[in-house]
Amino acid sequence: MLSAMLGRKVGMTQVFGPAGMAIPVTVIEAGPCTVTQVKSVANDGYEAIQLGFGKAKLKNTPRPELGHLGHKLPLTEAQRRKQQRTQAKARQEARKKKAEDAAAAAEDAETSETATETEAEVASTTSGGKRSGRQGGAQKRRGLGPFAILREVAVVGGEVPALGEQVFADLFAEGERVDVIGTSKGKGFAGVMKRHGFRGGPRTHGQSDRARAPGSIGPGTTPGRVFKGTRMAGRMGNQRVTIKSLEIIQADRERNLIVVMGSIPGPNGSVVMIRKSPEALAQAARGGAGA
C-alpha cells in the first residue's frame, strides 16, 4: 500500500453537515500520479516508489531527468562530434588495413577475401552510427512524463505498484484521517511582533522609537553572550508544515478531488502531499507482516 500521494491545493470553501452546520474545508486536486521508479530491498535496501505529478514542458526538462524517465534523446552536439571522430578514425584504420591487404594480395590470393570483409564491416559501422542518431531523434518523446514534481513515498504492506501505473484519489476513503504536508506562505523579513507575537515596548515616557522593538537580547555578564535560538526578527514562513489528522469529507476519483476538513499550508495552486495516518500505516504493516 502506498503511504502518500501528491496533489495541488485548489482553495477553501464550506460544506454543510447532516445537522446543517457549516464545515470549513479545503479542496485538493489529488493526482493522478504516475509511478516513475520502483525501489526494492534487493537493489536499494528499502521499498519505495517515486511519483510524478503535474505536466512540464519537454524543452524545460533537464536531459538527465528525461533519461531517468525513459526518454530516447537525440545526440547532443558534443556527442555527435565525438561519434564523427570515432567513425572517421575507424574509416582511416580500415583504409590502411585495406591497403596492406591489397599489397599482400599480390603475393597471396587468399588475402583479397579479408579486404572485402573489412570493407563491409566499415560500411556497417558507419551506417549503424548514423542510424542510431536518427533513431534517437525519432523516439525522443517516448517514455514517462515529463512531470513538474517528482517525489518519493514509502510502500507499506507489500503491495508495490508497477512502473508506469497511475495512482488516483481513491487511494483515500471518506472518513479517513490523513496528514497534509505543504510549504507555508512566505512572509518575507518580519519583525518580532509579527513573527513571534511580542507585545513591543512601552508607548509612554518618550519611548516613541521602541514601540515594535524586541528589547534587550543580552543575558548580562553571565554568561555574557546571546543564547542560540533567541527569537528575533528574520525570515517568516516558506517552511515545510505538516497538519495532522485531518478528516476526509469527500473523495472523488472521476474529478481527482479530495475534500478535507480545515485548512492546509500553502497558497492556492501549491503542491502538497497527502499522507495516510500513522495508525493506518501501522495497521497495513501488521497486515503485510501477517501475510
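## Pockets, cores and unusual bonds

The second largest pocket is a good place to begin: its lining is made of Glu29, Gly31, Pro32, Thr34, Gly52, Phe53, Gly54, Lys55, Gly145, Pro146, Phe147 and Gln166. Please keep in mind as you look around that this is a predicted model. The space in this second largest pocket comes to about 200 Å³. Strand 4, covering residues 48-55, contributes the most to the lining, with 4 residues. Sorted by character, the lining of the second largest pocket holds 4 nonpolar, 6 polar and 2 charged residues.

Now turn to the largest pocket, which has a volume of about 230 Å³. Around it you will find Leu6, Ile149, Arg151, Ile181, Gly182, Thr183, Arg240, Val271, Val272 and Met273. Two or more lining residues come from each of strand 5 (147-154), strand 7 (177-183) and strand 12 (271-276). In this lining, 6 residues are nonpolar, 2 are polar and 2 are charged.

Next come the cores. In soluble globular proteins, nonpolar side chains tend to be buried together. Here the largest nonpolar core has 29 residues, and Met5, Leu51, Val167, Phe172, Val260 and Ile274 make the most contacts inside it. A second core, separate from that one, has 7 residues, including Val15, Ile23, Val25 and Val259.

Which residues does leucine 51 touch, once its neighbours within four places in sequence are left aside? Leucine 51 is in contact with Ala4, Met5, Leu6, Cys33, Thr34, Val35, Thr36, Ile149, Leu150, Arg151, Val153 and Val167. Among these partners, Leu6, Ile149 and Arg151 also line the largest pocket, while Thr34 also lines the second largest pocket.

Some backbone details are worth a visit too. The table lists two cis peptide bonds.

| Residues joined | Bond | Omega |
|---|---|---|
| Glycine 31 and proline 32 | cis peptide bond | about 0° |
| Threonine 222 and proline 223 | cis peptide bond | about 5° |

Proline 32 sits in the loop between strand 2 (22-30) and strand 3 (33-39). Both partners of its cis bond, glycine 31 and proline 32, appear in the lining of the second largest pocket. Proline 223, for its part, belongs to the loop between helix 5 and strand 9.

Asparagine 256 lies in the loop between strand 10 (240-252) and strand 11 (257-261). Although asparagine 256 is not a glycine, its phi is positive, at about 55°. Is asparagine 256 buried or exposed? Asparagine 256 counts as buried because its relative accessibility is 15%, and buried means under 20%. Leaving aside neighbours within four places in sequence, asparagine 256 is in contact with Ile28, Glu29, Ala30, Gly31, Pro32, Phe168 and Ala169. That list takes in glycine 31 and proline 32, the pair joined by a cis bond with omega of about 0°.

Histidine 205 is another residue with a positive phi, about 60°, although it is not a glycine. Histidine 205 is in the loop between helix 5 and strand 9. With a relative accessible area of 78%, histidine 205 is exposed.

Finally, glycine 218 is found in the loop between helix 5 (192-196) and strand 9 (234-237). Its relative accessible area of 46% makes glycine 218 partly exposed. How many residues apart in sequence are glycine 218 and threonine 230? They are 12 residues apart, and their C-alpha atoms are 9.9 Å apart in space.

Definitions and conventions: Residues are numbered from 1 along each chain as its sequence is written. This is a predicted model: local features need pLDDT of at least 70, side-chain atom pairs count only at pLDDT 80 or more; totals for chains, interfaces and linings use all residues. Side-chain values use heavy atoms; hydrogens and water are left out. A nonpolar core is a set of buried Ala, Val, Leu, Ile, Met, Phe, Trp, Tyr and Cys residues joined through side-chain atoms within 4.5 Å. Buried means under 20% relative accessible area, exposed over 50%, partly exposed in between (1.4 Å probe, protein chains only). Contact means heavy atoms within 4.5 Å. On a 1 Å grid over the protein atoms alone, a cavity is a set of points where a 1.4 Å probe fits but cannot get out, and a pocket is an open set with protein on both sides within 12 Å along at least five of seven lines; lining residues have an atom within 4 Å of a point. Grid points are joined across faces, edges and corners, and a volume is the space filled by probe spheres set on the points. Ala, Val, Leu, Ile, Met, Phe, Trp, Tyr, Cys and Pro count as nonpolar, Asp, Glu, Lys and Arg as charged, and the others, Gly among them, as polar.
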